[in-house]
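Thanks for sending this one over. Here are my notes as numbered points, so you can follow along with the model open beside you.

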Amino acid sequence: TGKSNNFSARRPVEKHSPRPEPKFSWFVPIDGDGARAGTKRAERPPTFDYLRKVVETAEERGFYSLLIPTRFANGLFSEDAPLAETWTTATALAAVTKKIRFLIAVRPGFVSLGLFAQMAAALHQISNGRIDVNIVPGGIQHDFERVGEVSSHETRYERAEEFIDACRKLWQHSGPVTYKGEFYRLEDAYCAPEPGKNSPLFYLGGVSPRAMAMSGRQADVHLSWIEPVEDTKGRLDGLRKQYEESKRTPVFGLRTHLVVRDTEEEAWAAANELIDHADPDVKAQRRSAIEGTQMVGARAQAQEAPDHRLGRHLWNGLSEVRVNCGSAIVGTPEQVADELLPYWELGMDEFILSGFPHVEECHRVADQVLPLLRERIAAA
């Protein structure tokens, strides 16, 4: 690759290690929230006061972490609708919480590498070590171009890998640090504060061969959008081979929406209600983000199926109105727990969940779904 003096964290392969306790996390709806998606404007705009309520609810209910995505335009309602900026919002929310972690989505290339390493290290220290980083190499079609980014899709993966390498070296090695790559260079650089062994973890996603190969070399956790179980099994089998080639231990996470109600009929009615009032212009905006995209995962989320049903309880109707993860498990608490269990059996140890609206559904999932799922996992 032309790199020298680089550093890549390596986890030795551990034989016969016991499964860790599963981690359950929630989501920060920076696009806005409500019981309806895809309208021109959200029922609940993404004000700091509202997002703080979501975050405090998740912390109160014992969730492990909060995924906060990254966008350059609204990805759930009209593109010009209010949007909370990722890093600023995460910083403010971390300052008003005490226990819950934040998984912050970051696109390499938009902030100076050395400056980002210092920003992340400072926020990690301020939050008492509660920050992890979700690296997004590819992003949403046409989104980079809004702000003048014109690099090729392939180049973004190479740049992201150097970004991770260089950040780890700055965080885990005492300065001065020198790094010579094709995209990033450091000359006698320092990072203060210096996280050391407690530095943020890197989460990576993607299902293309390039994305999975990079996860095998670099991801502390590989995060997958939900797909049918058999498709997920094939993805994880391929990922395990990539980790084995790098002599690293894989850790897998699952990202999905949930639509949970007391009866199956009520759950499907709630799912349909989410998109039944979507504006045609918003649907057109979402289609333009998917048609012709090189993002394999985005195409998989939007695959066509009768009534959007990919399985008995797996529904991708949200892909009509939402960028990125557009699938949900729909059903009663028992059905949803039964649907999630096979993903744990495949090796998923982290679950990043969400539901609309995010305050009420956070309570519902914590009260009705997670106790059942934990019982099933313990029995298995």
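**Notes on the strands, cores and backbone**

1. Let's start with strand pairing around E9: E9 and E11 pair in the parallel sense, over 4 bridges. Within that pairing, Leu258 has Ile329 as its bridge partner in E11. Please keep in mind as you read that this is a predicted model.

2. E9, which spans residues 252-260, has further partners. With E12 the pairing is again in the parallel sense, and it runs over 6 bridges; here Thr256 stands opposite Leu353. Strand E8 (residues 221-225) is joined to E9 by 4 bridges, and these two strands also run parallel. One place to find that pairing on screen is Leu223, whose bridge partner in E9 is Gly253.

3. How many of the residues of E9 are buried? The count is 9 of 9, so to speak a strand that is mostly covered. Both faces take part: one side carries Phe252, Leu254, Thr256, Leu258 and Val260, and the other carries Gly253, Arg255, His257 and Val259, all of them buried.

4. Arg255 deserves a look of its own. This residue sits in E9 and is buried, yet it has no salt bridge. Which side chain of opposite charge is nearest to Arg255? That is Asp31, 8.7 Å away. A salt bridge would need a side-chain nitrogen within 4 Å of a carboxyl oxygen, so the Asp31 side chain at 8.7 Å does not provide one.

5. What Arg255 does have is polar company. Its side chain makes a polar contact with the side chain of Ser354, at 3.0 Å. In addition, a polar atom of the Arg255 side chain lies 3.3 Å from the backbone oxygen of Ile352. Leaving aside neighbours within four places in sequence, the residues in contact with Arg255 include Phe27, Leu67, Trp225, Arg322 and Cys325. Leu223, Ser224, Ile226 and Leu353 are also among them.

6. On to the nonpolar packing. The largest nonpolar core has 79 residues, and those with the most contacts inside it are Trp26, Phe63, Phe102, Ile104, Phe116, Trp171 and Phe351. Helix H11 (residues 358-379) gives the most to this core, with 9 residues. Apart from it lies another core, of 19 residues, with Ala42, Ala81, Leu274 and Ile275 among them. As background, nonpolar side chains tend to be buried together in soluble globular proteins.

7. A few backbone details are worth checking by eye. Most residues other than glycine have a negative phi, and most peptide bonds are trans. Where are the cis bonds to look at? One joins Gly175 and Pro176, with omega about 0°, and Pro176 is in the loop between helix H4 (153-172) and E5. Another is the peptide bond from Phe356 to Pro357, with omega near -10°; Pro357 is found in the loop between strand E12 (348-354) and H11.

8. Two asparagines have a positive phi. For Asn128 the value is near 60°, and for Asn324 it is near 65°. Asn128 lies in the loop between helix H3 (113-126) and strand E4 (131-135), while Asn324 lies in the loop between strand E10 (314-315) and strand E11 (328-331). Is Asn128 buried or exposed? Its relative accessible area is 69%, so it counts as exposed. Asn324, at 27% relative accessibility, counts as partly exposed.

9. Gly129 is in the loop between H3 and E4. With a relative accessible area of 10%, Gly129 is buried. Its C-alpha atom is separated by 7.1 Å from that of Asn198, although the two residues are 69 apart along the chain. Leaving aside neighbours within four places in sequence, Gly129 is in contact with Arg101, His124 and Asn198.

10. Finally, the hairpin. E5 and E6 form one, with 4 residues between them. The strands, E5 at residues 177-180 and E6 at residues 185-189, run antiparallel and are joined by 3 bridges. Tyr179 has Leu186 as its bridge partner in E6.

Terms used: Residues numbered from 1 in each chain as written. Predicted model: local features only at pLDDT ≥ 70, side-chain atom pairs only at ≥ 80, totals over all residues. Heavy atoms only, no water. Pairing = 2+ DSSP bridges. Core = buried A, V, L, I, M, F, W, Y, C linked by side-chain atoms within 4.5 Å. Buried < 20%, exposed > 50% of the residue type's maximum accessible area, 1.4 Å probe, protein only. Lys, Arg positive; Asp, Glu negative; His and termini not counted. Polar contact = N/O pair within 3.5 Å; in protein donor to acceptor, adjacent residues only side chain to side chain. Contact = heavy atoms within 4.5 Å.
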